[in-house]
Amino acid sequence: MKRTGEMVLGIIGVVITFLAFFLVMFTVIGVQQADLTQMTNMIEQELANDPNIPAQEAEELSAMVLGVVSSAGWWFLAVHAIGLVLGIIALVKLNRNAKTAGILFLVAGGGLLLLTVGFSFLYAALFIIAGLMCLLRKPPVKPEGGDYPEQPRPE
């Protein structure tokens, strides 16, 4: 049975996940290499504009925001790497064992969707659709004894 639809959805999902992986990687590295004092000052200035936030809390919030961005970036990077590897393995297994490929696509798509809190909706949806197609599409059943059932001959 041809699995062209699953293959196309899987390839598009892997390519977009690959691009997102590199985008997240460059963002995380950029935040790590950036001048943190300048970024902290920018965040503190924005928080200082709010009259409800005292100066001490502005400093603490700016440090917390940078910490969360840094740790979330590494988390997103790891999740995208795992989703990318699972998607590639599913593509390789697709023609030999569609059921295994479908499960891998579903795990990759579901994991990306849940663990990135919905930020990876587009390519996670592609993986999930490809996985469902792998599991739900069945090859057509051929009747026994050839391509067509025997018809009684008119006499």
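The exercises below, each with a worked solution, concern a predicted model. Residues are numbered from 1 along each chain as its sequence is written, and side-chain values use heavy atoms, with hydrogens and water left out. Local features need pLDDT of at least 70 and side-chain atom pairs count only at pLDDT 80 or more, whereas totals for chains, interfaces and linings use all residues.

**Exercise 1. Overall form**

Determine how the radius of gyration of the chain stands against that of a compact globule.

Solution. Begin with the elements, taken as DSSP runs (helices H or I of at least four residues, strands E of at least two, numbered from the N terminus): the chain has 5 helices and 0 strands. Next take the radius of gyration over C-alpha atoms, with the globule rule being 2.2 Å times the number of residues to the power 0.38. A compact globule of 155 residues would come near 15 Å, but the chain has 25 Å. Finally, set beside this the box filled by the C-alpha atoms, which is roughly 100 × 30 × 15 Å along the principal axes.

**Exercise 2. The surroundings of Thr17**

Establish whether Thr17 is buried or exposed, and list its contacts beyond the neighbours within four places in sequence.

Solution. First locate Thr17, which is found in helix H1 (residues 4-33). Then apply the accessibility classes (buried under 20% relative accessible area, exposed over 50%, partly exposed in between, with a 1.4 Å probe and protein chains only): Thr17 has a relative accessible area of 0% and is therefore buried. Last, with contact meaning heavy atoms within 4.5 Å, the partners of Thr17 outside that sequence window are His80, Gly83, Leu84, Leu112, Tyr123 and Phe127.

**Exercise 3. Aromatic pairs**

Classify the ring pairs Phe18–Phe22 and Phe105–Phe127.

Solution. Rings of Phe, Tyr and Trp (its six-membered ring) pair if their centres lie within 6.5 Å, and planes under 30 degrees apart count as stacked, over 60 as edge-to-face and the rest as tilted. The structure holds 5 such pairs. Phe18 and Phe22, at 4.7 Å centre to centre and 70 degrees between the planes, are edge-to-face; both lie in helix H1, 4 residues apart, about one turn of the helix. Phe18 counts as partly exposed at 40% relative accessibility, and Phe22 is partly exposed at 29%. The rings of Phe105 and Phe127 have centres 5.8 Å apart and planes at 25 degrees, so this pair is stacked. Because Phe105 lies in helix H4 (residues 98-115) and Phe127 in helix H5 (residues 121-136), the pair ties together parts that are 22 residues apart in sequence. Phe105 and Phe127 are both buried.
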